[in-house]
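Here is a short report on a sheet, its cores and its aromatic rings. Keep the structure open while reading.

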Amino acid sequence: MNTSLALAGNPNSGKTTLFNMLTGGRQHVGNYPGVTVEKKQGLCKSEFGLFDIVDLPGTYSLTAYSLEEVVARDFLVNDNPAMVINIVDASNLERNLYLSVQFMEMGIPVCIALNMMDVAQKRGIEIDTEKLSSLLKQPVVPIIAREGKGREELLKAVAGVIPKTSDPLQISYGQDLDTALGEMEEIIRNAAFLSQYPNPHWVALKYLENDSQIMEMGTKHDEQTALKLETIVEKLKVHMANTLDTHPEAVIADHRYGYVNAVLKQGVVKFNQDESRIQISDKIDNVLTDRFFGPVLMIAMLLGLYQFTFSFSDIPVGWLESFFGWLSEVVSQMLPEGHLKS
């Protein structure tokens with residue numbers, strides 16, 4: 001029997017490269033039911049077992065802000081894969097682990113494939129993968145997908161975790177949100193509200209994040225319970241707007257990043273001072289995104305572009321006109337009279 005795995009990650013994290021590395025030629029492409037989003041699926045044969053891998057759309061979040069996010073989340077809920085292989089860019093851990101946190105909040109077993117380790121090393125970044133794994137309570141495997149390195153180690157880690165279950169991660173979002181979450185969880189649990197989703201805490205979070213898909217499904221499932229939850233959310237929104245001038249979605253995102261940052265600061269990431277260099281692109285960004293020089297340079301570049309287009313372009317335009325004039329005369333002399341010459 002094949003074991004179902006989901007391959008997920010941010011766009012440009014090397015997800016497709018890893019999918020090709022794992023499945024080789026044993027893959028096919030289709031579409032997810034009812035949408036035009038591409039679905040890649042393939043078999044991975046190894047000494048650790050036979051795995052059926054689905055390559056989820058690249059996404060930064062699991063909240064229904066885009067079609068890709070909805071498709072990825074629906075697959076995780078409806079198809080219930082045994083594990084998510086979450087590919088993470090090792091050179092940009094904080095941003096990439098934001099998605100990992102959301103998988104962990106769902107309670108789905110996760111194996112983190114720490115990709116682009118070579119790029120991280122070139123930037124003077126050292127990552128203690130064992131400590132990161134211990135703090136996240138999930139396996140973390142360093143790989144270099146484009147070179148095929150780490151494949152066997154990754155599959156071994158996946159096979160070793162699959163029989164186990166994973167307790168949902170619960171982050172403290174501050175007193176106001178935690179209190180609201182507690183009330184909402186009790187209502188959801190007692191009413192068996194949207195029980196097809198992973199856990200009451202996750203459903204309550206989706207309501208606080210103003211997730212339109214979950215809220216619509218909740219109203220269709222049990223309008224009375226949905227109204228109770230929406231009432232709690234609205235009261236919280238008004239309270240936070242008046243006291244903190246913010247909204248629940250922003251607070252949730254801030255605390256998730258805070259959790260990731262707190263993990264990384266516990267000796268997980270170190271910068272080698274001897275090898276660490278500011279990348280050329282970073283140096284350019286420091287100038288181009290400067291508050292003063294940035295807008296000035298942008299205006300200068302736009303003026304230069306217009307100047308080149310309407311002034312300096314006269315020279316190559318003249319060359320082209322001369323060339324095609326000469327070509328027209330040559331062709332006209334070679335062709336006989338008739339429709340073709342016309």
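Two strands pair if DSSP finds at least two bridges between them. Strands (E, at least two residues) and helices (H or I, at least four) are DSSP runs, numbered from the N terminus. This is a predicted model, so local features need pLDDT of at least 70 and side-chain atom pairs count only at pLDDT 80 or more, while totals for chains, interfaces and linings use all residues. Residues are numbered from 1 along each chain as its sequence is written, and side-chain values use heavy atoms, with hydrogens and water left out.

**The sheet**

Start at the hairpin. Strand β2 pairs with strand β3 (residues 38–46) in the antiparallel sense, over 5 bridges. Valine 29 stands opposite lysine 40 in β3. The hairpin of β2 and β3 has 6 residues between the strands, and glycine 34 takes a positive phi near 85° there.

How are the 7 strands ordered in the open sheet? The order is β2-β3-β4-β1-β5-β6-β8, with mixed pairing. The edge strands are β2 (27–31) and β8, and each pairs on one side only. From one strand to the next, the twist averages 25°. Axes are lines fitted to C-alpha atoms, for helices over the stretch in contact; angles run from 0 to 180 degrees between N-to-C directions.

The table lists parallel pairings, each with one residue and its counterpart.

| Strands | Bridges | Residue and counterpart |
|---|---|---|
| β1 (residues 3–9) and β4 (residues 49–55) | 5 bridges | threonine 3, phenylalanine 51 in β4 |
| β1 and β5 | 5 bridges | leucine 5, methionine 83 in β5 |
| β5 (residues 83–89) and β6 | 6 bridges | asparagine 86, isoleucine 112 in β6 |
| β6 and β8 (residues 140–142) | 3 bridges | isoleucine 112, valine 140 in β8 |

Isoleucine 112 thus has a bridge partner in β5, asparagine 86, and another in β8, valine 140. A further bridge links valine 88 to leucine 114 in β6.

**β5, β6 and the helix between them**

Both strands are well covered. Buried means under 20% relative accessible area, exposed over 50%, and partly exposed in between (1.4 Å probe, protein chains only). In β5, 7 of its 7 residues are buried. Met83, Ile85, Ile87 and Asp89 point one way, and Val84, Asn86 and Val88 the other. In a regular strand the side chains alternate between the two faces of the sheet.

Strand β6 (residues 110–115) has 6 of its 6 residues buried. On one side sit Val110, Ile112 and Leu114; on the other sit Cys111, Ala113 and Asn115. The chain goes from β5 through helix α3 (residues 93–106) to β6, in a right-handed β-α-β crossover. Right-handed means that, with the strands pointing away from the viewer, the path from the first strand over the helix to the second runs clockwise. Helix α3 lies across β1, β5 and β6, at about 165° to β5.

**The cores**

A nonpolar core is a set of buried Ala, Val, Leu, Ile, Met, Phe, Trp, Tyr and Cys residues joined through side-chain atoms within 4.5 Å. In soluble globular proteins, nonpolar side chains tend to be buried together.

Which residues touch the most other members of the largest core, with its 65 residues? They are Leu56, Leu76, Leu97, Leu114 and Tyr207. Helix α3 gives the largest share of this core, 7 residues. Apart from it lies another core, of 23 residues, among them Cys44, Ile85, Ile143 and Val158.

Now take leucine 56. Contact means heavy atoms within 4.5 Å. Leaving aside neighbours within four places in sequence, leucine 56 is in contact with residues including Ala6, Leu7, Tyr32, Phe75 and Leu76.

**Aromatic rings**

Rings of Phe, Tyr and Trp (its six-membered ring) pair if their centres lie within 6.5 Å; planes under 30 degrees apart count as stacked, over 60 as edge-to-face and the rest as tilted. The structure holds 6 aromatic pairs. One is stacked: tyrosine 197 and tryptophan 202, 5.4 Å centre to centre with 25° between the planes. Tyrosine 197 and tryptophan 202 are both buried.

Why is the pair of phenylalanine 323 and phenylalanine 324 edge-to-face? The ring centres are 5.2 Å apart and the planes stand at 70°, so the pair counts as edge-to-face. Phenylalanine 323 is partly exposed, because its relative accessibility is 43%. Phe323, Phe324 and Trp326 form one aromatic cluster.
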